[in-house]
Amino acid sequence: MRIRVTESGFNRRKSDSISGKRPPISEKVIQSAKPALQSAKTRNPGTFHVKMLVGIKKWQVRPIEPILELKQLSKTFGNEHVLKEIDLTVNEGEIIGYIGPNGAGKSTTVKIMLGLIEEFDGQVSIFGEDISSGDHTYKKRIGYVPETADLYENLTAYEYLTFTGELYGMSHEEADAKAAELTKLFGLEEVYHSRISSFSKGMKQKVLLISSLLHNPDLLFLDEPLSGLDANSVMIVKEILAKLAAGGKTIFYSSHIMEVVEKISHRIVLLSDGRLIADGSFEELKGQNMDGTLEEIFNELTGFDEHENIAEKVVAIVQEG
Ligand SMILES: Nc1ncnc2c1ncn2[C@@H]1O[C@H](COP(=O)(O)OP(=O)(O)OP(=O)(O)O)[C@@H](O)[C@H]1O
């Protein structure tokens with residue numbers, strides 16, 4: 001059985017504490033959670049979220065809900081088999097690093113889950129509901145940062161954010177108040193009423209991030225969310241994601257920046273040629289005889305060892321003549 005222990009705002013798995021990647025949760029704390037866990041287990045078998053109410057010295061135990069379930073998900077475009085019988089369960093509070101080579105099918109999976117691609121085989125459930133049922137209310141609980149977005153560049157940040165906030169059911173005043181505070185925290189206070197067309201790439205990315213968070217979604221899909229952000233902003237966003245997950249939000253994080261995926265993900269899911277070929281924490285992947293960085297594990301699992309050879313050929317062609 002897997003347990004997640006939350007204490008003083010830290011949220012991690014027992015395996016994390018053993019690996020020493022983050023400050024360890026003491027064995028005493030884990031032991032003290034056991035009676036509450038045991039009684040919850042007899043009532044409702046499964047996986048549990050164990051939360052210590054700091055100061056009250058009491059354990060709060062509730063089942064970890066599967067937020068997302070893919071069963072035998074397959075997708076073809078014409079004759080091309082893009083997704084091949086994918087099974088995946090994602091639990092509440094998890095940050096999933098969803099990685100794979102170009103063209104592996106990552107965006108296609110995300111678009112299916114967002115309801116942007118409606119034809120597929122298999123079953124996709126979000127918040128316990130089959131998304132093919134025709135009930136689209138689940139979308140209100142989702143936030144999305146696309147890899148490339150058509151921001152309505154003629155709108156100001158204020159207009160764009162209040163517009164998207166209202167689409168998610170917020171009142172104009174509520175969306176404005178929240179957007180103004182968030183843009184200030186992201187250093188965009190002075191340009192809140194400027195047109196997005198005048199923004200730098202990083203500033204636009206901040207608007208997209210704010211827009212995905214404004215309505216306090218329970219599930220976030222992030223596609224290269226750090227694109228164009230400076231090092232300070234990257235630190236802020238990584239911290240925000242860790243805190244959101246500690247508070248029970250679920251994050252599906254797709255990126256090619258392996259160093260970040262390695263650091264922030266509770267679980268790494270590797271898609272190659274439409275199939276899931278690895279699923280586990282970074283420590284678990286390393287434990288399966290795949291030593292090294294996530295970049296090296298990625299190269300090994302996808303069977304790629306040609307980088308030196310290809311680079312040599314490119315440089316030779318560039319320097320010809
Ligand atoms: N609308 C479409 N029509 C036809 N083929 C498509 C369509 N969308 C995606 N594909 C194909 O599906 C495959 C997977 O594409 P997808 O965008 O899901 O890959 P990805 O893993 O997100 O890649 P990247 O890392 O480059 O963003 C590719 O071969 C792509 O050409």
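Which helix gives the most to the shell around the ligand? In this predicted model, the answer is helix H3 (residues 106–113), which contributes three residues. Below you will find the ligand shell, then a six-stranded open sheet, and finally the packing of helix H4 against helix H5.

**Around the ligand**

- The residues surrounding the ligand are Phe77, Val82, Gly100, Asn102, Gly103, Ala104, Gly105, Lys106, Ser107 and Thr108.
- Sorted by class, this shell has six polar, three nonpolar and one charged residues.

**The sheet as a whole**

- Reading across the open sheet, its six strands come in the order E10-E11-E12-E7-E13-E14, with mixed pairing.
- At the edges sit strand E10 (142–145) and strand E14, each of which pairs on one side only.
- From one strand to the next, the twist averages 15°.
- Helix H10 (residues 294–301) packs on this sheet and touches E7, E13 and E14. The direction of H10 makes about 35° with that of E13.

**Strand pairs in the sheet**

- As a reminder, strands of a sheet pair through backbone hydrogen bonds, either parallel or antiparallel.
- Strand E11 (residues 219–223) runs parallel to strand E12 (residues 250–254), and five bridges join the two. In this pair, Leu219 has Thr250 of E12 as its bridge partner.
- Strand E7 (residues 95–99) also pairs in the parallel sense, with strand E13 (residues 267–272), over four bridges. Here Gly97 is partnered by Ile268 in E13.
- With strand E14 (residues 275–280), E13 pairs in the antiparallel sense over five bridges. Opposite Ala278 in E14 stands Leu270.
- E13 and E14 form a hairpin, with two residues between the strands. In the turn, Asp273 has a positive phi of about 50°.

**Helix H4 against helix H5**

- Helix H4 (residues 157–167) packs with helix H5 (residues 172–185) at an angle of about 130°, and their axes are 9 Å apart.
- Why is H4 oblique to H5? The angle of about 130° makes H4 oblique to H5, because only angles over 145 degrees count as roughly antiparallel and 65 to 115 as roughly perpendicular.
- The crossing of H4 past H5 is right-handed.
- On the H4 side, the contact is made by Ala157, Tyr158, Leu161, Thr162, Gly165 and Glu166. On the H5 side, His172, Ala175, Asp176, Ala179 and Thr183 take part.
- By class, the contact of H4 with H5 has five nonpolar, four polar and two charged residues.

Key: Residues numbered from 1 in each chain as written. Predicted model: local features only at pLDDT ≥ 70, side-chain atom pairs only at ≥ 80, totals over all residues. Pairing = 2+ DSSP bridges. Axes fitted to C-alpha atoms, helices over the stretch in contact; angles between N-to-C directions. Parallel < 35°, antiparallel > 145°, perpendicular 65-115°, else oblique. Left-handed = near helix turned anticlockwise from the far one by under 90°. Contact = placed C-beta atoms within 7 Å. Nonpolar A, V, L, I, M, F, W, Y, C, P; charged D, E, K, R; others polar. Near = placed C-beta within 6 Å.
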